[in-house]
Amino acid sequence: MSRPITPAGIRPPFARYSHAVEVPAGSRLVVCSGQLGIGPDEAVPDTVEGQAELCFENIRAILAAAGMDLSHIIRINAFVTGREHLKGYMAVRDRVVADPPPASTLMIVSGFSRPEFLVEVEVIAAGPAEAVE
């Protein structure tokens, strides 16, 4: 099991994340490319919450293909197109990530490949050493 690291000598995290996560020896890592809030039908929700839900649904499917789930996430990098999207994204993130929370970075960017995209999420997951066939 991964171990969160949040030292007492530094400021606690601003939100629900760990300053660091230690991965035990022999774990498998899965590194996911950034996922956008677009469905298999090409639909893009108008809200950051709807897009974030799709980002994490895509991540859930990727991790399932590797024999993992969202509880195996140890690191999140997320990008939103404005400060007004921080709260909505974080609400979705906080609902879907397990305890203890993963290490996480959230950045504001000027945009993505298409103007309707408001959020992109990439993760690293660590799980049991046995590979899925």
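The legends below describe close-up views of a predicted model.

**View 1. The largest nonpolar core.** This core holds 24 residues, and those with the most contacts inside it are Phe56, Ile59, Leu63, Ile76, Tyr89, Val119 and Val121. Two or more residues each come from helix H1 (48-65), strand S5 (73-80), helix H2 (86-96) and strand S7 (119-127). Helix H1 gives the most, with six residues. Apart from this core lies another, made of six residues, including Leu36, Val44, Phe79 and Phe117. In soluble globular proteins, nonpolar side chains tend to be buried together.

**View 2. The surroundings of Val121.** Leaving aside residues up to four places away in sequence, Val121 touches Ser33, Gly34, Gln35, Cys55, Phe56, Ile59, Ile76, Asn77, Ala78 and Tyr89. Val121 is also one of the residues with the most contacts inside the largest nonpolar core. Among the residues that Val121 touches, Gln35 is its bridge partner as well.

**View 3. Strand S7 and its pairings.** Seven of the nine residues of S7 are buried, so this strand is largely enclosed by the rest of the structure. S5 pairs with S7 in the antiparallel sense over seven bridges, and in that pairing Ile73 has Ala125 of S7 as its bridge partner. S3 and S7 are likewise antiparallel, with four bridges. Strand S4 (residues 35-36) runs antiparallel to S7 and is joined to it by two bridges.

**View 4. The two faces of strand S3.** In a regular strand the side chains alternate between the two faces of the sheet. Along S3 (residues 28-31), Arg28 and Val30 point to one face and are buried. Leu29 and Val31 point to the other face and are not buried. Across the pairing with S7, Val30 stands opposite Ala125, and Val31 stands opposite Ile124. Ala125 thus appears in two pairings of S7, as it is also the bridge partner of Ile73.

**View 5. The largest pocket.** The largest pocket contains about 270 Å³ of space. It is lined by 19 residues, of which Met1, Ser2, Ser71, His72 and Ile74 are the closest to its centre. Strand S1 (3-5), S5 and S7 are the elements that give two or more residues to the lining. By residue type, the lining divides into twelve nonpolar, five polar and two charged residues. S5 and S7, which contribute to this lining, also each give two or more residues to the largest nonpolar core.

Definitions and conventions
Residues numbered from 1 in each chain as written. Predicted model: local features only at pLDDT ≥ 70, side-chain atom pairs only at ≥ 80, totals over all residues. Heavy atoms only, no water. Core = buried A, V, L, I, M, F, W, Y, C linked by side-chain atoms within 4.5 Å. Buried < 20%, exposed > 50% of the residue type's maximum accessible area, 1.4 Å probe, protein only. Contact = heavy atoms within 4.5 Å. Pairing = 2+ DSSP bridges. 1 Å grid on protein atoms, 1.4 Å probe; cavity = no way out; pocket = protein on both sides within 12 Å on 5 of 7 lines; lining within 4 Å. Points joined across faces, edges and corners; volume = space filled by probe spheres on them. Nonpolar A, V, L, I, M, F, W, Y, C, P; charged D, E, K, R; others polar.
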